[in-house]
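Visitor: I would like a close look at one part of this model, beginning with a single cysteine and working outwards. Please give cut-offs for the terms as they come up.

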Amino acid sequence: MSQPPITSAIPPASATGPHVLVLGAGVSGMTAAVTLAERGARVVVHERGPRIGSGASWKAGGMLAPWCEAESATPEVTRQSLSSLDWWDAHVPDVVRNGTLVLAPARDVGEIARFGRRTSHFRAIGEKELAELEPELADRFSRGLFFEHEGHVNPRDALMALGRRLEALGGQIICNAPPCDGGEYDWIVDCTGIAAREKMADMRGVRGEMLLLRCRDVTLSRPVRMLHPRIPVYIVPRADHVFMVGATMIESENDGGMTLRSMVELLGAAYALHPAFGEAEILETGTGLRPSYPDNMPAVRREGKRIYVNGMYRHGFLLSPVRAREAADIVLGPS
């Protein structure tokens, strides 16, 4: 990699500890690698793809939304992920902490009350405050929920920043890595996501879908979740008037391309948020399978000197720092 190391509040560790091979350079692999290196391990990351984030992490929304996630996740997810915003703030630039806005089209406004009953740490807002938060949505929605303590990050920028941090700590990243049995390493941390399904009998794939749009006529300061009874959709702002539009999760193991119906639903959600999206440029479409265990809870499992960090479901950016710490505790002892 050619990028300069990022500035971090955490001083570089002396890499004199165990030699650790991390398999996979997605969000779970990179957070594990950086956490291990900061605590003194000598870390090498092997990524089968051509770059950091070659798998599902590249297509993630990057929302750091522990309280919104409570709508469909267990309280344990929220409790464990509360420190994630601070972890990302300490490790990558440009973490945005402007909160999350939850809205619904007029025909589905009842979904807002249902969402509120399942979550906490929000305030109900009306047209006036909504217009103050997002002026371009003024007069388009009558009510919503504002989760003011949440945030988001651009996953692609964040993963590259973690790569720079790892290299600054003396770690190494090898892309297009050939198969390796890891025999020369003290530990192997397997973060290969859905590719590890043959070793995890209880793992399933859950489909995710996304679009990247550029619309110079729309400006948003925070992610917006558009509620729909069938498939809730989120719209996440990125730099240069680019927006990531994605479906939360779809219970399907189909890893094929996006269907016409899915495309229409994602584009329709963006258009319902603001009609200027009708003139948006479609930059990218993507689908993929996210690894998930039966309880939809990411887990750390150990088999001898191999540690599996997997089952991220839709909680990769929220819970990877927590699972990375658990893996590091196995390798190096509790911190």
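Guide: C191 is buried because its relative accessibility is 6%; buried means under 20% relative accessible area, exposed over 50%, and partly exposed in between, with a 1.4 Å probe and protein chains only. The model is a predicted one, in which local features need pLDDT of at least 70 and side-chain atom pairs count only at pLDDT 80 or more, while totals for chains, interfaces and linings use all residues. Residues are numbered from 1 along each chain as its sequence is written, and side-chain values use heavy atoms, with hydrogens and water left out.

The structure has 0 disulfides, a disulfide being a pair of cysteine sulfur atoms within 2.5 Å. C191 is in none, and the nearest cysteine sulfur, that of C180, lies 15 Å away. For C175 the closest cysteine sulfur is that of C191, and at 15 Å it is too far for a bond. C175 has 28% relative accessibility and therefore counts as partly exposed.

Next comes strand β9, which covers residues 187-190. Helices (H or I, at least four residues) and strands (E, at least two) are DSSP runs, numbered from the N terminus. Both faces of β9 are covered: W187 and V189 are buried on one side, and I188 and D190 are buried on the other.

Strands of a sheet pair through backbone hydrogen bonds, in parallel or antiparallel fashion. Here two strands pair if DSSP finds at least two bridges between them. Strand β1 (residues 19-23) runs parallel to β9 and is joined to it by 4 bridges; within this pair, D190 of β9 has L23 opposite. Strand β16 (residues 306-310) also runs parallel to β9, with 3 bridges joining the two, and I307 in β16 stands opposite V189.

These strands belong to an open sheet of 6 strands with mixed pairing, in the order β8-β2-β1-β9-β16-β15. Its edge strands, β8 and β15 (299-303), each pair on one side only. From one strand to the next the twist averages 20 degrees; axes are lines fitted to C-alpha atoms, for helices over the stretch in contact, and angles run from 0 to 180 degrees between N-to-C directions.

At the β15 edge, 5 bridges join β15 to β16, and these two strands run antiparallel. V300 has V309 in β16 as its bridge partner. Helix α8 packs on the sheet, touching β1, β9, β15 and β16, and its direction makes about 25 degrees with that of β15. Contact means heavy atoms within 4.5 Å.

A299 lies in strand β15. Because its relative accessibility is 18%, A299 counts as buried. Leaving out residues up to four places away in sequence, A299 touches Y293, Y308, V309, N310 and R323. The C-alpha atoms of A299 and D202 are 12 Å apart, although 97 residues separate the two along the chain.

Two other helices pack against α8. Two packed helices are described by the angle between their axes and the distance between the axes. Helix α1 (residues 27-38) and helix α8 (residues 316-332) have axes that come within 8 Å and cross at roughly 45 degrees. That angle makes α1 oblique to α8; angles under 35 degrees count as roughly parallel, over 145 as roughly antiparallel, 65 to 115 as roughly perpendicular, and the rest as oblique. The crossing of α1 past α8 is right-handed, meaning that the near helix is turned clockwise from the far one by less than a right angle, whereas an anticlockwise turn is left-handed. Among the α1 residues that meet α8 are V27, T31 and L36, and the α8 residues they face include G316, A324 and L332.

Helix α3 (residues 84-91) packs on α8 at an angle of about 85 degrees, with the axes 9 Å apart. The two are therefore roughly perpendicular to each other. S84, W87 and W88 in α3 meet F317, L318, L319, S320 and P321 in α8. F317, S320 and P321 are also among the α8 residues met by α1.

One last detail concerns the loop between β8 (172-175) and β9, where N176 is placed. N176 has a positive phi of about 55 degrees although it is not a glycine. Its relative accessibility is 53%, so N176 counts as exposed.
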